[in-house]
Amino acid sequence: MATRNGGATADRIMAAFKALLQETDYDKITVAGICERADVSRKTLYSYFDGKEGVLRRIVYEDVAAPVRTLMDYFSIGGRTSGGKILVRQILETIYANKDFYTLAVVQGRIGIIGQVLRDVFTTASIDLFRGDAEVCSEKFLYAAKFTSGAYVEVIKEWVREGMTISPEEMTDWLFEFSQSGNNILLDPRQ
């Protein structure tokens, strides 16, 4: 399927998609338009992606999963909670660094695709990070990882919708404060 230049071809297709999203609404972007911009055939695009949704999914996955894979190697050495905080901050910084792309994608209603990728990455990273040496996770543990991931994604969606006016560092601190003391904050909304 992929040739020696496969990475370069996929990168060209993703770059074409990003450029088109800057120029027009997501719903008006077509596979033909992406192919024309990337100078590839439809067959080539479909050998790498499952349509334009697949291109978006891959862009988000590479933005958020690549830093996670790199960071996970370091977390086996350090503390799990601090590792989780570093991981969340890295993802927020990546989204913030690509603010224009994510704002356009979210505003145009593509948060479902973005949210699913973020949930998958957060859930997998949480399981890997907090499971430690255990070979198998309990069902309760798996649901807790999915719950936490879903909560993070909902907050991140609002953060993007509201223009990312809060820094990634501060948002990370808030997320961890919420996860540690959410009930106390709800009991005293002035906090």
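The protein chain in front of you has nine helices and zero strands. Keep in mind as you explore that this is a predicted model. If you start at the N terminus and walk along the protein chain, the elements read α-α-α-α-α-α-α-α-α.

Let's take the whole chain before turning to single residues. The protein chain has 191 residues, and buried residues make up 42% of them. About 11000 Å² of the protein chain is exposed, and carbon and sulfur atoms supply 52% of that area. Now think about who touches whom. Among contacts in the protein chain with a separation of 6 or more, 66% are between residues 24 or more positions apart.

Our first stop is helix α1, which covers residues 6–23 and holds T9. Is T9 buried or exposed? Its relative accessibility is 11%, and buried means under 20%, so T9 counts as buried. Which residues does T9 touch, once those up to four places away in sequence are set aside? They are V40, T44 and Y48.

Next, find L45 in helix α3, which spans residues 42–48. With a relative accessible area of 0%, L45 is buried. Leaving out its neighbours within four places in sequence, L45 is in contact with I13, V31, I34, C35 and G51. You can also look from L45 to A32: the two are 13 residues apart in sequence, and their C-alpha atoms are 9.5 Å apart in space.

Now move along to helix α6, made of residues 99–107, where F101, Y102, A105 and V106 are buried. Why do these four belong on the same side of α6? They cover an arc of only 120 degrees around the axis, and therefore they share one side of the helix. A general rule helps here: an α-helix has 3.6 residues a turn, so residues three or four places apart point the same way.

What about the face of α6 turned away from its buried side? That face carries D100 and V107, and both of these residues are exposed. Try turning the model until you can pick out the buried residues F101, Y102, A105 and V106, and then look for the exposed D100 and V107 on the face turned away from them. Finally, follow the chain past α6 to G109, a residue with a positive phi, near 85 degrees.

Definitions and conventions
Residues numbered from 1 in each chain as written. Predicted model: local features only at pLDDT ≥ 70, side-chain atom pairs only at ≥ 80, totals over all residues. Heavy atoms only, no water. Helix = DSSP H or I, 4+ residues; strand = E, 2+ residues; numbered from the N terminus. Buried < 20%, exposed > 50% of the residue type's maximum accessible area, 1.4 Å probe, protein only. Contact = heavy atoms within 4.5 Å. Areas by Shrake-Rupley, 256 points an atom, 1.4 Å probe, with all protein chains shown as cover. Arc of directions from axis to C-beta.
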